[in-house]
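Work through the exercises below with the sequence and the model in view. Each task is followed by a solution in steps.

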Amino acid sequence: MAIKKYLKNHAEPESQLANFPLDYHYSSALVIPAYNESGVFLDNLEHLHSPNKFLLVLIINQPEDSPACLANDRLEGDLQRHFPILWQDAQQPITLFENKHFDILRVNRFMEGNKIPTKQGVGLARKIGADIVCQLIEQGQIDSRWIFSSDADAILPSNYFYSAKQQQAAALIYPHQHIGINGDALSLAAQLYDRSLDYYAAGLHWAGSPYAFHTIGSCIAIDYQC
């Protein structure tokens, strides 16, 4: 399917950014859905090497059936207090904030009347971000063809963007490791969880499945043309 046709007929409404300034240009874009997360992860992204500014597409989200989330409110407040506003969508709750190393395109899907449907969850939040990046790549405002996807609790290597530069594939899966930091019990639980993920992928490979790979949203990158 042609990219333009996909964006017109199948992309989420948030990707139709109203009058997004054409003079904003980025080397890469990273999608992170955030639900019940603190803003500490923003500091952890400053070590990522990038030839120019990259764009963080941050989807602050919340399921429809969940109670009020104070962490979401605090994260939104931190953005409003600490980062200058560069642009706001005239039709949707989407705001572009300026940061030294990367700009933050925040999509608000946690306010009443705009929460994520319960059965769609983080998958829809991630798709919203990916569709936005796809649109900006198609408009020539993002250099990299890769739609990078991670989570707020992931620690990414400094060469995260460069490692995908020369790859020829429809999608990439980064190696991962869950790390326990609060004692032996948590460390063991993290190791067992990693082994269960490996066992699942190995079982699919043994069965001859074409989908014998890890499906972890925080560890993938997608070629926007595929």
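**Exercise 1.** How much space lies in the second largest pocket? Find the residues closest to its centre.

*Solution.* The structure is a predicted model, in which local features need pLDDT of at least 70 and side-chain atom pairs count only at pLDDT 80 or more, while totals for chains, interfaces and linings use all residues. Residues are numbered from 1 along each chain as its sequence is written, and side-chain values use heavy atoms, without hydrogens and water.

Step 1. A pocket is an open set of points on a 1 Å grid over the protein atoms alone, where a 1.4 Å probe fits and protein lies on both sides within 12 Å along at least five of seven lines; lining residues have an atom within 4 Å of a point. Points are joined across faces, edges and corners, and the volume is the space filled by probe spheres set on them.

Step 2. The second largest pocket holds about 380 Å³. Its lining has 18 residues, and Tyr-6, Ala-130, Asp-131, Ile-147 and Ile-222 are the closest to the centre.

**Exercise 2.** Which helices and strands each supply at least two residues of that lining?

*Solution.* Step 1. Helices (H or I, at least four residues) and strands (E, at least two) are DSSP runs, numbered from the N terminus.

Step 2. The elements are helix H1 (3-9), helix H4 (121-138), strand S6 (146-149) and strand S8 (220-223). H4 gives the largest share, five residues.

**Exercise 3.** Compare the span of helix H5 with its expected value, then list its buried residues.

*Solution.* Step 1. The expected span is 1.5 Å times one less than the number of residues. H5 covers residues 184-206, 23 residues, so it should span 33 Å; the end C-alpha atoms are 32 Å apart, which agrees.

Step 2. Buried means under 20% relative accessible area, with a 1.4 Å probe and protein chains only. In H5 the buried residues are Ala-190, Asp-194, Leu-197, Ala-201 and Leu-204.

Step 3. After H5 comes Gly-208, with a positive phi near 80°.

**Exercise 4.** How many disulfides does a search of the whole structure find? Also classify Cys-69 and Cys-219 as buried or exposed.

*Solution.* Step 1. A disulfide is a pair of cysteine sulfur atoms within 2.5 Å. The search finds zero.

Step 2. Cys-69 has a relative accessible area of 7%, so Cys-69 is buried. Cys-219, at 9% relative accessibility, also counts as buried.

Definitions and conventions: Buried < 20%, exposed > 50% of the residue type's maximum accessible area, 1.4 Å probe, protein only.
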